[in-house]
Amino acid sequence: MLGLKDKLFVVTGGAGGIGQAIATRIAEFGGRVLIADLERDPGEAVAAAIRSATGGDVRFRQLDVTDPDAAKALADSVEAEIGPVQGLVTAAGIGIPSDALDHSVELWRKTFAVNVEGTFFPIQAFARHMVGRNASIVTIASICASVVVSPERHVAYGASKAAVKHMTALLGVEWARKGIRVNGVAPNHTDTPILKKFKETDPVIYETWRDKIPLGRLSEPGEIAGAVVFLLSDLSTNMCGETIHADGGCSKAF
């Protein structure tokens with residue numbers, strides 16, 4: 001019914017957190033999955049775990065999303081060796097807190113390299129093969145792209161995710177008649193290893209965020225994955241350039 005069965009989908013940043021949940025959900029609906037991530041051993045382990053849990057065709061390839069040549073090489077090799085890619089999810093990202101007055105140049109540039117360039121380079125590389133295919137690309141933004149999540153110590157993250165959200169709209173319009181739909185999902189605070197670590201380092205801010213969520217809890221990675229699968233599927237063929245909020249109501253309350 002969803003139109004995912006036996007089709008090939010690539011998930012960057014698929015070796016953990018939201019990306020892993022997305023890869024799992026695609027496999028559960030019968031899609032073939034290629035996880036692309038920076039570290040080989042964790043990536044291979046996650047692919048094996050999803051294969052075991054779902055019985056699906058799940059593979060891993062190493063990729064530095066900030067390297068445009070590597071993104072192009074991966075896209076070309078996947079198309080030649082595995083098959084045509086029907087969908088791409090750009091879930092690789094980082095969000096390291098820092099006070100703005102003390103924000104280092106290195107952290108600023110790294111955040112934009114991973115979150116913005118690391119979104120665009122894989123999209124560009126795979127989209128060159130997707131023209132005319134009725135394919136779907138889904139970016140991962142954040143509620144931080146639209147609202148200030150107070151108390152705030154993530155200026156680079158929020159600004160970079162705002163760029164991802166607008167990039168989604170720009171590409172969605174530009175490629176709408178090329179047979180490529182581009183949409184995005186903006187999660188709120190999600191129960192991933194990254195947020196668990198943040199809870200240990202900044203418990204007061206963590207609890208403040210959690211208490212402000214209208215649903216009264218963090219989002220689960222699988223809930224974000226559900227929104228992504230909807231945008232990949234045949235249920236969303238009339239959508240392009242949209243970023244939908246899967247955020248427990250946060251974008252209406254913060």
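**Helix crossings, nonpolar cores and exposed residues**

Reader: At roughly what angle do the axes of helix H1 (residues 17–28) and helix H8 (residues 221–232) cross?
Author: In this predicted model, local features need pLDDT of at least 70, side-chain atom pairs count only at pLDDT 80 or more, and totals for chains, interfaces and linings use all residues. Residues are numbered from 1 along each chain as its sequence is written, and side-chain values use heavy atoms, with hydrogens and water left out. Helices (H or I, at least four residues) and strands (E, at least two) are DSSP runs numbered from the N terminus, and axes are lines fitted to C-alpha atoms, for helices over the stretch in contact, with angles running from 0 to 180 degrees between N-to-C directions. For H1 and H8, the axes come within 8 Å, and the angle at which they cross is roughly 55°.

Reader: Which residues in H8 do the residues of H1 meet?
Author: Contact here means heavy atoms within 4.5 Å. From H1, the residues taking part are Gly17, Ile18, Ala21, Ile22, Arg25 and Ile26. Their partners in H8 are Pro221, Gly222, Ile224, Ala225, Val228, Val229 and Leu232.

Reader: Which residues of H2 make the contact with H1?
Author: The axes of H1 and H2 come within 10 Å and cross at roughly 35°. On the H1 side, the contact is made by Gln20, Ala23, Thr24, Ala27 and Glu28. On the H2 side, it is made by Val46, Ile50 and Thr54.

Reader: Which residues in H4 are met by H3?
Author: Helix H3 (residues 68–81) and helix H4 (residues 105–130) have axes that come within 8 Å and cross at roughly 30°. H3 contributes Pro68, Ala71, Lys72, Leu74, Ala75, Asp76, Val78 and Glu79 to this meeting. The H4 residues that they meet are Phe121, Pro122, Ala125, Phe126, Arg128 and His129.

Reader: Which element gives the most to the largest nonpolar core, and with how many residues?
Author: A nonpolar core is a set of buried Ala, Val, Leu, Ile, Met, Phe, Trp, Tyr and Cys residues joined through side-chain atoms within 4.5 Å, where buried means under 20% relative accessible area, exposed means over 50%, and partly exposed lies in between (1.4 Å probe, protein chains only). The largest such core has 31 residues, of which Ile22, Ile26, Ile35, Val89 and Val185 touch the most other members. Strand S1 (8–12), H1, strand S2 (32–37), helix H2 (40–54), strand S3 (58–62), strand S5 (135–140) and H8 each supply at least two residues of this core. The element that gives the most to it is H8, with 7 residues.

Reader: How many residues make up the other core?
Author: This second core lies apart from the largest one, and Leu63, Val65, Ile137 and Val182 are among its members. Its residues number 28.

Reader: With which residues is isoleucine 26 in contact, leaving aside its neighbours within four places in sequence?
Author: Ile26 is one of the residues that touch the most other members of the largest nonpolar core. Beyond its sequence neighbours, isoleucine 26 is in contact with Leu4, Phe9, Val11, Gly31, Arg32, Val33, Val229 and Leu232.

Reader: What distance separates the C-alpha atoms of glycine 17 and isoleucine 194?
Author: Glycine 17 is found in helix H1 and, with 22% relative accessibility, it counts as partly exposed. Not counting residues up to four places away in sequence, glycine 17 touches Thr192, Pro193 and Pro221. Glycine 17 and isoleucine 194 are 177 residues apart along the chain, and their C-alpha atoms are separated by 7.8 Å.

Reader: How many Å apart in space are aspartate 234 and glycine 3, C-alpha to C-alpha?
Author: Aspartate 234 sits in the loop between H8 and strand S7 (243–246), and its relative accessible area of 43% makes it partly exposed. In sequence, aspartate 234 and glycine 3 are 231 residues apart, whereas in space their C-alpha separation is 5.5 Å.

Reader: How many Å apart in space are glutamate 223 and threonine 119, C-alpha to C-alpha?
Author: Glutamate 223 has its place in helix H8 and counts as partly exposed, at 37% relative accessibility. With their positions 104 residues apart in sequence, glutamate 223 and threonine 119 have a C-alpha separation of 21 Å.

Reader: What is the phi of aspartate 6?
Author: Aspartate 6 lies in the segment before S1 and is exposed, with a relative accessible area of 53%. Its phi is positive, in a residue other than glycine, and is near 70°.

Reader: About what value has the positive phi of asparagine 134?
Author: Asparagine 134 belongs to the loop between H4 and S5, and its 64% relative accessibility makes it count as exposed. Although asparagine 134 is not a glycine, its phi is positive, at about 55°.
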